[in-house]
Amino acid sequence: MARLTVTGGRPLSGSVRISGSKNASVAMIPAALLASGVSVLENVPEIVDVDVFGRILSQLGARVSREEGRGLVIDPNGFKTWEAPYELVKKLRASYYLLGVLLARFGRAEVALPGGCNIGLRPIDQHIKGFRALGAEVVLEHGVVKAWTKGKGLKGAPVYLDVVSVGATINIMLAAVLADGLTVIENAAKEPHVVNLANYLNSMGAKVQGAGTDVIRIKGVKRLTGSQHPVIPDEVEAATFMVAAAATGGDVLVTNVIPKHLDSVSAKLREAGVEVIENGDSVRVVGPGRPRAVNVKTLPYPGFPTDCQQVFAALMARADGISMIQETIYDNRFGYANELIRMGASIKVDGRTAIIEGVDRLFGAPVTAIDLRAGAAMVVAGLSAQGKTDVYGVDHIERGYERLVDKLVGLGAEVSLVK
Ligand code: EPU
């Protein structure tokens, strides 16, 4: 079975360049289908989720290729079907963005309910609420979401989201850009990738205003053209390297980042006694011998990201004192605690709260990455532990981290992928 073997105890040092954002890419790739011409997305990471989405688009009739020095080239001409069956979409949660895109393009969509990380219930009622507000009929039949418009297609409308949802905000934006009239999304998600997508759509000729605030106004246009647009740096990957530097008492320059997107993580690291120095598009992180225990509560952006609490828990496992991590976004995102306990961590989980009593040292052990971010936590724990940690479930990690082993080795870590 493939595994990552990590021998801990070496402080990371040097510099690491952060790749493009996974969650921005998986929204912008389907968005390219809304245009009548070719788009080129720059800085798209080479990760499994992107490959899978590329294959889904190819099977729907679009042409997707990577061109050296240019980026991911997506030609939507040839894209003709409104059906995305389970065999295609099951591996990728973000395939639900095809609902918004297909509805906008064809007034009809049939997309199987997707897979993705098992981190608790992940309903899509808010996406559906949005499509219905725009005039679509939506039913769920045999695991497939079927949506269609009657008459002249989607019509702009106000949509109030009952929960702040990144996915619903993006999907409604995708549906609304070609709708007739004005859509206003209230209580919208403000994550950086929502803004990245809005900027891409606007570069294609869309009229999206207010992305990054909780009210997004989308004035529908008749058609969109292809465009060349960059994907923002991945803030979760950046946070992972920042925390890894802190956890190993290292000194790492994390480059190609937007420090503003990392504010909540930097603030918590500083509270824990870690030095975080911002300089332009990089941050330098200098870890202390042992971090102080701090409490974390996950919240929608600009709060502390739910995708970063796992690596932070790995850091807190060795902190001086007791820390509390509250997860407010998902109902089951502490599955990794059992794995950290195998390495000597002292963690109690009570519902959506993990209480971590810092220990002097963690010990290497065989552990399993039960999902993507849990996998990152295993790697960070392994880097700071004594001895060898074998991390199984590598496929989860490869979904979202580009060249993780090479980047860690470049920082002096002893890590290898055993196939
Ligand atoms: N929710 C609903 N109804 C909906 C949609 C969401 O109740 O219709 C709830 C969810 O159950 C959850 C909360 O709203 O409790 C937030 O979910 P959201 O829709 O924001 O999450 P998502 O779009 O499914 C994206 C990322 C996740 C990241 C979350 C939160 C992608 C492909 N996924 O998921 O990323 O954790 O936003 O920031 O963009 C990851 O990268 O490992 C990952 C899981």
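**Close-up views of the pockets, the ligand and two backbone oddities**

**View 1. The largest pocket holds about 1200 Å³ of space.** This is a predicted model, numbered from 1 along each chain as the sequence is written, where local features need pLDDT of at least 70, side-chain atom pairs count only at pLDDT 80 or more, and totals for chains, interfaces and linings use all residues. Side-chain values use heavy atoms, with hydrogens and water left out. A pocket here is an open set of points on a 1 Å grid over the protein atoms alone, where a 1.4 Å probe fits, with protein on both sides within 12 Å along at least five of seven lines; lining residues have an atom within 4 Å of a point. Points are joined across faces, edges and corners, and the volume is the space filled by probe spheres set on them.

**View 2. Who lines the largest pocket?** There are 50 lining residues, with Arg122, Val166, Gly167, Ile329 and Tyr330 closest to the centre. Elements giving two or more residues include helix H1 (22-31), helix H6 (166-176) and helix H12 (372-384); helices are DSSP runs of H or I, at least four residues, and strands are runs of E, at least two, numbered from the N terminus. Both domain 1 (3-19 + 233-418) and domain 2 (22-230) chip in at least three residues each, with bounds from an automatic or database domain assignment.

**View 3. The second largest pocket has about 350 Å³ of space.** Its lining counts 21 residues, and Asn43, Val44, Glu46, Arg66 and Glu402 sit nearest the centre. Strand S3 (39-42), strand S4 (63-67) and strand S5 (71-75) each give two or more residues to this lining. Here too, domain 1 and domain 2 each supply at least three residues.

**View 4. The ligand has 26 residues around it.** Gln126, Ser165, Val166, Asp307 and Ile329 come nearest, where "around" means a heavy atom within 4 Å. Ligand oxygen atoms have polar contacts (N or O pairs within 3.5 Å): a polar side-chain atom of Tyr96 lies 2.9 Å from one, and a polar side-chain atom of Asn23 lies 3.2 Å from one. Pro123 joins in with a polar backbone atom, 3.3 Å from a ligand oxygen. The protein covers 89% of the 830 Å² of accessible area that the ligand has on its own (Shrake-Rupley method, 1.4 Å probe).

**View 5. Two backbone spots are worth a look: Pro302 and Asn256.** Most residues other than glycine have a negative phi, and most peptide bonds are trans. The bond joining Tyr301 and Pro302 is cis, with omega about 10 degrees; Pro302 is in the loop between strand S18 (296-297) and helix H10 (309-316). Asn256, not a glycine, has a positive phi of about 60 degrees, and belongs to the loop between strand S15 (251-255) and helix H9 (263-271).

Key. Polar contact = N/O pair within 3.5 Å; in protein donor to acceptor, adjacent residues only side chain to side chain.
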